[in-house]
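I am opening a page of notes on a structure I have not looked at before. My plan is to look up contacts, charges, rings and cysteines in turn, and to write down what I find.

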Amino acid sequence: MRLIGDHSVIGNLGAPKKSRWNAKRWIVRGRYRLPLAPYYKNIVLRRTHCITFVLILTWYFGAIVSCISNKTIMSKYNHPSLLVLLQLTVNILLNTLALSRFCSGQSVSKRLRDAAPYCLPGALTLVLARVLTYISFSKVPASLTQTVKASTPVFTVVMSYVMYGTRTRRTILLTLIPIIIGVALVAATELQFNLGGFVSALMASMISVLQSFATKSFFTNIGPDASPLIFNLGMSIMAASLLVPANLVDFWHTSEEQAESEAITRTLLLQFLVSTLANWLQTVSSIFVLKRLKLLSHQVTGVLRRLVIILTSLLYFQTEVTPLKILGIFTAVGGFASYGWVTKKIKSKYDDKQISSSKSTPKAVGCTDCEKTLSSIV
């Protein structure tokens, strides 16, 4: 006579004494474990939420430290290409160590060779966006630079129309109005305004949109085997190789008076180290946060991150503020948040329509125009 269920696990009652004892012990333990299943499930969920919360705090901490250290370095040592090169070098070393622990060397090198053609556009846009951001740091307060970089949705809409002919819905266009008004208020009320720094921040925002397009192209072409760490490593290697000749030219044209005024001290070296580590920390933690959260939740945390960076930079550097400037900051960040919320809502409606249509017409499941249609409504 056999027990009802998986007898390969429980055993046969006509089997030897040891097997019968194991079967009895398995049944008794099951009686006590089943009522405790919700309890263990709650423990797992709490642990998952705690890990996600720690990752978000790490992301915020890395972004705040990176912004403050980069602004401090640019005010003392105005060589943005060198700072970007050092950050990329540390990024390459730490990503290589992380990948070598989980992957074999041959598989990493092969995946890097396959991803190399698609990493070049991302490397070019990465170099330009970071260098322009640090140029803006050297000329205007960090709060102004970060507020201007909240205007990326405006450039997303414009570049999508210019490059792909994508038409944007009115509801999304309406969310761009508070972003433009908020950035204009902050720029108009900034006491330390500099046109070069403001334009550099605007150009960095536009190029960061092109970088997101290059990232999307990479994951589309590589397919489901695409790894964010592989893309980040390949892009960092190419970007660093592009910056090496630029730094050599920069040092060649540096005058003796400028070299004496920009002497590298221990404090400056420590700030370089903090900047490179904080930049890598926020990049990696952002990837893990995106992996754990849904897209809308990640956008909300990103908006809060930008607001926390702006307010922290105002307090740390003791920037003079006016009520209109505070109003402009919250208006721009609020418009940025509403843009992400409206975009996500439209995409979710479109996904629901696609699911219902695929159930009624199975042939439409493999439609190749879904991505074009999705881009046209956003």
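**Entry 1: Valine 90 and its contacts**

I began with valine 90 and found that, leaving aside residues up to four places away in sequence, it touches Thr276 and Leu277. I keep in mind throughout that this is a predicted model. Valine 90 has its place in helix H4, and its C-alpha atom is separated by 7.3 Å from that of leucine 277, although the two residues are 187 residues apart along the chain.

**Entry 2: Rings**

I then looked for aromatic pairs, and the count comes to seven. One of them joins tyrosine 77 and phenylalanine 272, which I noted as edge-to-face, with 6.0 Å centre to centre and 85° between the planes. Tyrosine 77 lies in the loop between helix H3 (37–76) and helix H4 (80–102), while phenylalanine 272 lies in helix H12 (residues 266–292), so this pair ties together parts that are 195 residues apart in sequence. Both tyrosine 77 and phenylalanine 272 are buried.

Another pair, phenylalanine 193 with phenylalanine 198, is tilted, at 5.6 Å centre to centre and 50° between the planes. Here I wrote down the accessibility of each partner: phenylalanine 193 is partly exposed at 38%, whereas phenylalanine 198 is buried at 15%.

I also looked for a charge over a ring, and I found the charged end of arginine 306 sitting over the ring of phenylalanine 336, 6.0 Å from its centre.

**Entry 3: Salt bridges**

How many salt bridges does the count come to? I recorded two salt bridges, and I took them one after the other.

The side chains of lysine 110 and aspartate 114 meet in a salt bridge, with 3.3 Å from N to O. Both residues lie in helix H5 (residues 105–139), four residues apart, which is about one turn of the helix. I recalled that an α-helix has 3.6 residues a turn, so residues three or four places apart point the same way. Lysine 110 counts as partly exposed at 46% relative accessibility, and aspartate 114 counts as partly exposed at 41%.

The other salt bridge is formed by glutamate 190 and lysine 325, whose closest N and O atoms are 2.5 Å apart. Glutamate 190 lies in the loop between helix H8 (170–189) and helix H9 (195–222), and lysine 325 lies in helix H14 (residues 323–360), so the pair ties together parts that are 135 residues apart in sequence. I checked whether these two residues are buried or exposed, and glutamate 190 is buried with a relative accessible area of 6%, while lysine 325 is buried at 0%.

**Entry 4: Helix H8**

I compared the span of H8 with what its length leads one to expect: at 1.5 Å a residue, its 20 residues should span 28 Å, and its end C-alpha atoms are 30 Å apart, which agrees. I also listed buried residues in H8, among them Ile172, Leu176, Ile179, Val183, Val186 and Thr189.

**Entry 5: Cysteines**

Last, I searched the whole structure for disulfides and found zero. I noted the surroundings of two cysteines all the same: cysteine 50 is partly exposed, with a relative accessible area of 49%, whereas cysteine 67 is buried, with a relative accessible area of 5%.

Technical notes
Residues are numbered from 1 along each chain as its sequence is written. This is a predicted model: local features need pLDDT of at least 70, side-chain atom pairs count only at pLDDT 80 or more; totals for chains, interfaces and linings use all residues. Side-chain values use heavy atoms; hydrogens and water are left out. A disulfide is a pair of cysteine sulfur atoms within 2.5 Å. Buried means under 20% relative accessible area, exposed over 50%, partly exposed in between (1.4 Å probe, protein chains only). A salt bridge is a side-chain nitrogen of Lys or Arg within 4 Å of a carboxyl oxygen of Asp or Glu. Helices (H or I, at least four residues) and strands (E, at least two) are DSSP runs, numbered from the N terminus. Rings of Phe, Tyr and Trp (its six-membered ring) pair if their centres lie within 6.5 Å; planes under 30 degrees apart count as stacked, over 60 as edge-to-face and the rest as tilted. A charge sits over a ring if NZ of Lys or CZ of Arg is within 6 Å of the ring centre and within 35 degrees of the ring normal. The expected span of a helix is 1.5 Å times one less than its number of residues. Contact means heavy atoms within 4.5 Å.
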